[in-house]
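Reader: I would like to go through the labels attached to this structure and see what each rests on. Please set the value against the cut-off each time.

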Amino acid sequence: MATEGTEQREPVAIVTGAARGIGAAVAARLADRGLHVALVDLPHELSAEAAHTGPWRHASGTDLDAATARCGARGHPHVADVRDPVALRRVVDEVVAHHGTVDVVVAAAGAQAGGAPLWETDDDTWRWMVEANLTGVFNLARATIPEMLRVSPRRGRFVAIASAAAHTGLPLLSAYTAAKSGVVGLVRSLAAELGDTGITANAVCPGSTRGHMLDASGAIYGLTDAQAFAEQARIGRLIEPDEIASTIEWLCLDAPGALTGEVIDVDGGFRG
Ligand SMILES: NC(=O)c1ccc[n+]([C@@H]2O[C@H](COP(=O)([O-])OP(=O)(O)OC[C@H]3O[C@@H](n4cnc5c(N)ncnc54)[C@H](O)[C@@H]3O)[C@@H](O)[C@H]2O)c1
């Protein structure tokens, strides 16, 4: 991993949405590979959406503690809302103060709300979906890329989680789908701008992956069991969070520097 000058230091990652699900699995894998990991999340106890009546909820403070514990001594919890650029900047400043820079950034935070067709979707749902799923990635990139550009040699890795929804229109989830499509465009432009800097930016598009968000999607579609989504994948089963995490680990630590601006589908052959 990147070292500043001749000084040896331990590499560090920032992972948003790290309290649960895919983000927690990414954090654990990166810690196992020897990175310090700043686990960023917004527990539902502190979120403005605590009273939201839809099926999806933020993770809890206990979830964040458990995900941090899975990382052992290399896990460092941070409470921040990815919609708040000042809060994210504060996290990055703390990470840089302790570890010198940022080597790996994974934007896994995502929220889900819907249940109505687009023409009946209210302003709050639209704003929440766009701000949490798209503006959050924009804020994270703005807070971290300047730090990655500061070090020499430059080997920073930025990975954002989009969704199979970015390729296939999902009914009753138009705001979420629009935001995830935006993440794909954002990452492609970012990679073009990073060009020959040595820093790469890529997106990963998961298909139906076991966990709270998929359960919430099932509830929106009136399914009693999210297992029914397995029929939409050619592999005939749900994807495990660790399968997405292992792809992200590879992108962050093993993939060649030539792999940038890509959108990698880990969707089990999603057919929509
Ligand atoms: N599970 C799936 O089937 C699936 C499919 C495609 C894409 N994805 C995407 O993968 C990512 C991880 O999904 P998951 O299944 O682990 O979902 P999840 O709901 O279990 O985890 C999402 C995490 O993001 C956090 N979060 C949400 N809004 C936040 C905010 N404003 N600030 C900080 N943290 C915030 C939540 O508290 C939660 O811990 C998300 O971006 C999701 O949209 C998931």
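Author: What follows takes some residues, a helix, the ligand and some strands in turn; the model is a predicted one.

Reader: Why is histidine 58 called buried?

Author: Buried means under 20% relative accessible area. Histidine 58 has 14%, so the label applies. The residue is found in the loop between strand 2 (36–41) and helix 2 (61–70).

Reader: What makes the pair of histidine 58 and glutamate 49 a polar contact?

Author: A polar contact needs a pair of N or O atoms within 3.5 Å, one able to donate a hydrogen and the other to accept it. The side chains of histidine 58 and glutamate 49 are joined at 3.5 Å, and because the limit is "within 3.5 Å", that value counts. Histidine 58 also has a polar side-chain atom 3.1 Å from the backbone oxygen of leucine 42.

Reader: Which residues is histidine 58 in contact with, leaving aside neighbours within four places in sequence?

Author: Contact here means heavy atoms within 4.5 Å. By that criterion the partners of histidine 58 are Arg20, Leu42, Pro43, His44, Ser47, Glu49 and Trp128.

Reader: What makes histidine 78 buried?

Author: The relative accessible area of histidine 78 is 12%, and the label follows because buried means under 20%. Histidine 78 lies in strand 3. With neighbours within four places set aside, its contacts include Ala38, Leu39, Val40, Asp41 and Leu64. Val91, Glu94 and Val95 are also among the contacts of histidine 78.

Reader: Why is leucine 172 called partly exposed, rather than buried or exposed?

Author: Buried ends at 20% and exposed means over 50%, with partly exposed in between. Leucine 172 has a relative accessible area of 28%, so it falls in the middle class. Leucine 172 is found in the loop between strand 5 and helix 5 (174–194). Its phi is near 65°, a positive value in a residue other than glycine.

Reader: How do you know that the buried residues of helix 2 are on the same side?

Author: The buried residues of helix 2 are Leu64, Ala67 and Thr68. They cover an arc of only 100° around the axis, and therefore sit on the same side of helix 2. In an α-helix there are 3.6 residues a turn, so residues three or four places apart point the same way. On the other side of helix 2, Thr62, Asp65, Ala69 and Arg70 are exposed.

Reader: What do the buried residues of helix 2 pack against?

Author: They pack against helix 1 (21–32), strand 2 and strand 3 (75–79). Just after helix 2, glycine 72 takes a positive phi of about 65°.

Reader: How do you know that the ligand has polar contacts with the protein?

Author: The limit for the pair of N or O atoms is 3.5 Å. An N or O atom in the side chain of tryptophan 56 is 2.8 Å from an oxygen atom of the ligand. A polar side-chain atom of tyrosine 176 lies 2.7 Å from a ligand oxygen atom, and a backbone N or O atom of valine 82 lies 3.0 Å from a ligand nitrogen atom. These distances are within the limit. The protein covers 98% of the 820 Å² of accessible area that the ligand has on its own.

Reader: How many residues surround the ligand, and which are the closest?

Author: 27 residues surround the ligand. The closest are Arg20, Ile22, Asp41, Trp56 and Tyr176.

Reader: What makes strand 4 and strand 5 a pair?

Author: Two strands pair if there are at least two bridges between them. Strand 4 and strand 5 have four, in the parallel sense, so the criterion is met. Valine 106 has valine 159 as its bridge partner in strand 5, and alanine 107 stands opposite alanine 160. Strand 1 (residues 12–16) is likewise joined to strand 4 by four bridges, running parallel. Isoleucine 14 has valine 105 of strand 4 as its bridge partner.

Reader: Why are both faces of strand 4 called covered?

Author: In a regular strand the side chains alternate between the two faces of the sheet. Val104 and Val106 on one side of strand 4, and Val105 and Ala107 on the other, are all buried. In strand 5, Arg157, Val159 and Ile161 point one way and Phe158 and Ala160 the other, and all are buried.

Note on methods
Residues numbered from 1 in each chain as written. Predicted model: local features only at pLDDT ≥ 70, side-chain atom pairs only at ≥ 80, totals over all residues. Heavy atoms only, no water. Helix = DSSP H or I, 4+ residues; strand = E, 2+ residues; numbered from the N terminus. Buried < 20%, exposed > 50% of the residue type's maximum accessible area, 1.4 Å probe, protein only. Arc of directions from axis to C-beta. Near = heavy atom within 4 Å. Areas by Shrake-Rupley, 256 points an atom, 1.4 Å probe, with all protein chains shown as cover.
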